[in-house]
Structures are given as structure tokens and as C-alpha cells.
Amino acid sequence: MADTTLWTSRGGTRRSTRTWRIRSSAVVVAVVVLAVLLVPPLVQLDEQAVNLAAKLQPPSWEHPFGTDDVGRDLLLRCVYGLRVSLLVGLVAAVVATVIGTAVGTAAAVFGGWVDGLVMRLVDAFASVPHLLLGIFIVAMFRPGVWPVVFSVALTHWLSTARIVRAEVLSLRSRPYIDAAISGGASRRRVAVRHLVPGVLPQAGLAAVLMVPHAIWHESALSFLGLGLPTHQASLGTLVQSARGSLLAGDWWPTLFPGLFIIVPTLAVAGLAGAWRERLNPRRRSELML
């Protein structure tokens with residue numbers, strides 16, 4: 001009886017912790033979306049305006065996040081930087097998901113030597129570190145948003161292709177797929193009408209999980225000076241431009257952009273984890289126990 005009570009109490013504690021995590025993640029994501037959408041049109045300030053008389057001021061009521069080395073308000077700069085980084089992350093995640101879904105579906109539908117060739121190419125690309133391959137791609141172009149988007153997309157579709165391939169192979173064994181093939185449906189029709197709709201939830205989850213990775217990737221490239229131009233506010237360029245201030249003992253130009261990278265991405269990952277548990281009830285029950 002005591003063991004049963006302890007088991008129930010432990011399951012209830014984990015369930016409440018999971019609920020708190022989901023709600024806090026949802027609140028953070030909602031605040032981020034509202035800030036990105038509402039702050040730029042409502043706050044009539046130029047985030048690029050230079051005010052050398054107010055440079056490197058610590059956090060205060062007038063400047064909650066302080067100012068940078070040329071007197072620009074860091075809170076406004078962080079919001080604009082998050083806006084750009086989110087745009088890069090969302091677009092790159094969508095493009096990578098489309099590529100991965102198409103490649104994974106084609107490999108599973110055609111099978112045979114096509115499947116073997118495609119998966120060997122996936123393994124070959126996966127053997128190269130993402131950041132190294134991303135640096136090679138963006139180095140061929142001038143710094144800008146679109147080279148970073150394509151760099152992130154072309155280095156992050158591999159996991160989606162593997163997930164989609166495995167899901168399509170699982171769906172191919174279902175009776176309704178056999179019935180469609182026996183009825184004379186072509187591979188293309190089976191893929192479009194039955195297989196692709198069946199993998200959309202997994203593909204959508206992969207896209208959501210990819211957004212934090214895309215933001216981190218963009219931040220790393222911009223920090224190295226290979227992503228967005230230094231004059232354009234993004235979370236990576238803000239951290240990159242604050243290196244000198246940190247060495248001089250001014251912590252706020254580095255801390256707040258870093259928090260804008262970590263907190264929203266963890267919140268998105270938390271919501272994606274809840275979605276993953278909903279898609280896989282068996283795994284959710286195991287986690288609750």
C-alpha cells in the first residue's frame with residue numbers, strides 16, 4: 001500500500017512538473033511573439049541611433065538593459081535582434097523540413113538502390129560538423145540574411161529525412177496502403193494521398209525542434225563574423241560586438257543578448273517536447289512514471 005502511494009505521489013509530482021514546464025514555456029513564447037510583433041511599431045525609436053554621451057550605461061529605469069558601446073538602447077536592440085534571428089530560424093526550419101520530408105519520402109517510397117544511395121549521402125553529409133559545413137557555405141557569399149538561411153537549411157535537413165523515412169517505412173506496412181497498391185494506385189498517388197499526410201505531424205515536430213538549432217546556428221555564424229553584417233542587429237551580432245565591453249568589465253552588453261538566445265529557444269524546445277510526448281503516448285506514460 002505504501003509503495004502504491006509513493007508511486008502515485010511520484011507520478012503526480014512529475015505530472016505537475018511537466019505541466020508547469022509547458023505553461024512556463026508557453027508564456028515565454030507568447031511574450032516573445034508579442035514583443036517581436038508590437039515593440040517595433042509601438043516604440044518610435046531608432047534602434048540604430050548613436051548617442052555617445054550615453055554609451056555603456058548600466059541597466060536603469062531609462063534603459064532596463066543598459067546601453068552598448070555607442071549609446072544604443074540594449075533592450076530595443078535585443079528585441080530587433082530576436083526578430084531577425086527568429087525570422088532566420090523559422091524560414092531555415094521550414095526550408096530544411098521541406099527538403100528532409102521530400103528526401104526521406106522519396107527514399108522510402110522507391111526503396112532498393114535509391115534508398116541505399118540517398119541514405120549513404122545523408123550519412124556522408126552528417127559526418128561533417130554542421131558549423132563547419134555552414135561556415136563553408138556562407139563563406140562563398142557576402143554576409144546577409146539569405147546566405148545564413150540557406151546555410152542553416154542545407155545543414156539541418158538530415159535528421160528530418162531520417163525521421164520521415166522511418167515513418168514512411170512504418171506506414172507502408174499498414175493494410176490501407178496494401179489495399180491502395182492492390183487497387184492499382186501508382187507510387188506517386190500513394191505517396192501524395194496517404195504517406196505524406198501521415199508523416200506531416202512528425203515533420204511539423206521536426207520543424208519546431210529545428211527552430212532553436214537554427215537560431216543557435218545563426219548566432220554562432222554571426223558571432224564569427226560570417227553571418228549577418230555587423231551593423232544589422234541579430235542576437236549573434238550583438239554578442240559579437242559586445243566582446244570588447246566584456247573584457248573591460250561591462251557585463252550587460254553580453255548577458256542580455258545571451259539570455260535572449262537561451263531563454264526563448266529553451267521555451268520552444270519545451271513546447272516541442274510536449275508535442276512529441278503527445279504524438280507518442282507510450283513515451284509520455286514512461287516519462288510520467
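The lining of the largest cavity divides into four nonpolar, two polar and three charged residues. I should say at once that this is a predicted model. The residues around that cavity are D68, D69, R72, L74, L238, S241, A242, S245 and P253. Its volume is about 70 Å³. If you search the whole structure for cavities of 30 Å³ or more, you find one.

Two of those lining residues deserve a further word. D68 and R72 are both in the lining, and they form a salt bridge with each other, with the closest N and O atoms 2.8 Å apart. Is this pair buried or exposed? R72 is buried, and D68 is buried as well. As background, side chains of opposite charge can pair when their charged atoms come close.

Now the overall layout. The protein has 289 residues, and 40% of them count as buried. Its secondary structure consists of 12 helices and zero strands. Written along the sequence, the pattern is therefore α-α-α-α-α-α-α-α-α-α-α-α.

Back to charges. How many salt bridges does the structure hold? There are four. I have covered R72 with D68, and I will take two others together, since R120, D123 and R162 are linked in a network of salt bridges.

Start with D123, which is in helix 3. Its side chain meets that of R120 in a salt bridge, at 3.0 Å from N to O. Both residues belong to helix 3, which covers residues 112-126, and they are three residues apart, about one turn of the helix. As for exposure, D123 has a relative accessible area of 32%, so it is partly exposed. R120 has 52% relative accessibility, and because the cut-off for exposed is over 50%, R120 counts as exposed.

The second partner of D123 is R162. Those two side chains also meet in a salt bridge, and here the N to O distance is 2.8 Å. R162 lies in helix 6, residues 158-172, while D123 is in helix 3, so this pair ties together parts that are 39 residues apart in sequence. The C-alpha atoms of D123 and R162 are separated by 9.8 Å. R162 is partly exposed, with a relative accessible area of 36%. So the network has one exposed member, R120, and two partly exposed ones, D123 and R162.

Next, a charged residue without such a partner. D73 sits in the loop between helix 1, residues 2-42, and helix 2, residues 74-110. Which side chain of opposite charge is nearest to D73? That is R77, and it is 8.8 Å away. D73 is buried yet has no salt bridge. The cut-off for a salt bridge is 4 Å, so the distance to R77 does not qualify. What D73 does have is a backbone neighbour: a polar atom of its side chain lies 3.3 Å from the backbone nitrogen of L75.

The loop between helix 1 and helix 2 also contains L56. Phi of L56 is near 50°, a positive value in a residue other than glycine. For context, most residues other than glycine have a negative phi. L56 counts as partly exposed, at 26% relative accessibility.

That leaves the two helices on either side of the loop. In helix 1 there is a proline, P40. P40 has 10% relative accessibility, and since buried means under 20%, P40 counts as buried. Where does the chain come back to P40? One place is L76, 36 residues apart from P40 along the chain, with the two C-alpha atoms separated by 8.2 Å.

In helix 2, look at T105. At 7% relative accessibility, T105 counts as buried. A polar atom of its side chain lies 2.7 Å from the backbone oxygen of T101.

To go over the charged residues once more: R72 and D68 are a buried pair joined by a salt bridge. R120, D123 and R162 form a network. D73 is buried and has no salt bridge. That is what I had to show.

How values were computed: Residues are numbered from 1 along each chain as its sequence is written. This is a predicted model: local features need pLDDT of at least 70, side-chain atom pairs count only at pLDDT 80 or more; totals for chains, interfaces and linings use all residues. Side-chain values use heavy atoms; hydrogens and water are left out. On a 1 Å grid over the protein atoms alone, a cavity is a set of points where a 1.4 Å probe fits but cannot get out, and a pocket is an open set with protein on both sides within 12 Å along at least five of seven lines; lining residues have an atom within 4 Å of a point. Grid points are joined across faces, edges and corners, and a volume is the space filled by probe spheres set on the points. Ala, Val, Leu, Ile, Met, Phe, Trp, Tyr, Cys and Pro count as nonpolar, Asp, Glu, Lys and Arg as charged, and the others, Gly among them, as polar. Buried means under 20% relative accessible area, exposed over 50%, partly exposed in between (1.4 Å probe, protein chains only). Helices (H or I, at least four residues) and strands (E, at least two) are DSSP runs, numbered from the N terminus. Lys and Arg count as positive and Asp and Glu as negative; His and the chain ends are not counted. A polar contact is a pair of N or O atoms within 3.5 Å; within protein, one must be able to donate a hydrogen and the other to accept it, and residues adjacent in sequence count only if both atoms are side-chain atoms.
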